[in-house]
Amino acid sequence: MSAAPKANPPIRTLLGPGPSPVSPRVLAALALPVVGHLDPKFLEIMDQSMAMLREVFQTKNRLALPMSGTGSAGMETCFVNLVEPGDAVLVGVNGVFGTRMVDVAQRCGAQVDTVEAEWGTALDAQKFKDALGKKQYKVAAVVHAETSTGVLQPLDDIAEMVRESGALLMVDTVTSLGGAPVRVDELGIDACYSGTQKCLGCPPGLSPVTFSERAVEVIRKRKTKVQSWYLDLSMIEKYWSSERIYHHTAPISMNYALHEALRIVLEEGLEKAWQRHRQVHETFVREMRKLELEPAVAESIRAPMINTVKVPEGVDDPKVRQRLYDDFDIEIGAGLGPLKGKTRR
Ligand SMILES: Cc1ncc(COP(=O)(O)O)c(C=O)c1O
């Protein structure tokens, strides 16, 4: 077979739920010389990325590192390391990613219960409290910014209840990290994962995670081996700590990209980045209303970094999105699951 033509992707303006636009600085970092995964210069970059990740996650956790793989790898990392077969896990479900958490937890052999809310609304803290009162859960998990609906889940009450119950709190910050406070230490989050391709402005490919000492202790005391060799933190930690024991070949170029993306976030300043997302979101809503378009989520729980808009009655949404591609090189996202055809993101 002869070689296919050279890949020639268009330059799109990425206004959808992710991947988000990537800074030229990050693209340039991807083209830096590839060195070995145990090269002293690469090890320095790893240490710096860990330090910057702690800042962005707002934590002093020792364990903060980018897993190889996209956000879903971060989700699996949290579940496979913390959950052993038969463990009770509670998951908040109000969109695609809560649903995915349930699937992943079940594949770990967990007994999973859910607290559900209609897609496009937030989880009710009281329902969480009621569920936590019925059983001793090992892990309670929620999505901070539900990308499928545009809801930013208020975390304070739920975090307090989970802490009081003695369960470990797991939070998905794939879409929120860098775009809104995630307050890992303040909220007492034990396991938190994210992705590089949203508010960090990096291509998809790594999944930053952080674990509290309490969670690390739970992993240490496991009776069974972590069911995924690739995502086993007890081994990966030995590569990211001073031991530097090879586990798998780190995706060198993606690590350069994340390093540069984190530098950009911290140069701007976290608070300023959060404010920027909030201001742009408010402007977007104001301008959208002038076009007689309506936000799909109530104001108090709208995620500023993922705007969902109701598709007006009678409008052929796929046609509109195709036209944006064809005529303007703009990407936006469709509604998912029950919101398909009803919202755009
Ligand atoms: C909230 C949330 N969690 C998890 C994921 C999964 O991440 P990925 O698609 O990078 O594997 C996404 C992806 O968009 C997401 O938005």
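These are my notes from looking through a predicted model, covering the ligand shell, one strand and a helix pair.

**Ligand shell**

I started with the ligand and asked which residues surround it. I found 13 of them, and the closest are T70, G71, S72, T147 and V174. Next I checked which element gives the largest share of the shell. That is helix α3, residues 71–82, with three residues. I also sorted the shell by class: seven residues are polar, five are nonpolar and one is charged.

**Strand β10**

Then I moved to β10, residues 206–211, and asked how many of its residues are buried. The count came to six of six, so I noted the strand as mostly covered. Side chains in a regular strand alternate between the two faces of the sheet. I looked at which way each one points here: L206, P208 and T210 go one way, while S207, V209 and F211 go the other. Both sets are buried.

I looked up the pairing too. β2, residues 63–68, runs antiparallel to β10 over six bridges, and I saw P66 standing opposite P208. β9, residues 191–193, also pairs with β10 in the antiparallel sense, over three bridges. There I noted C192 as the bridge partner of T210.

**Helices α2 and α10**

Last, I asked at what angle α2 (residues 40–57) and α10 (residues 252–268) pack. I got about 40°, with the axes 9 Å apart. Angles under 35 degrees would count as roughly parallel, so I put α2 and α10 down as oblique to each other. I also logged the crossing of α2 past α10 as left-handed.

Note on methods:
Residues numbered from 1 in each chain as written. Predicted model: local features only at pLDDT ≥ 70, side-chain atom pairs only at ≥ 80, totals over all residues. Near = placed C-beta within 6 Å. Helix = DSSP H or I, 4+ residues; strand = E, 2+ residues; numbered from the N terminus. Nonpolar A, V, L, I, M, F, W, Y, C, P; charged D, E, K, R; others polar. Buried ≥ 20, exposed ≤ 12 C-beta atoms within 10 Å, placed from the backbone. Pairing = 2+ DSSP bridges. Axes fitted to C-alpha atoms, helices over the stretch in contact; angles between N-to-C directions. Parallel < 35°, antiparallel > 145°, perpendicular 65-115°, else oblique. Left-handed = near helix turned anticlockwise from the far one by under 90°.
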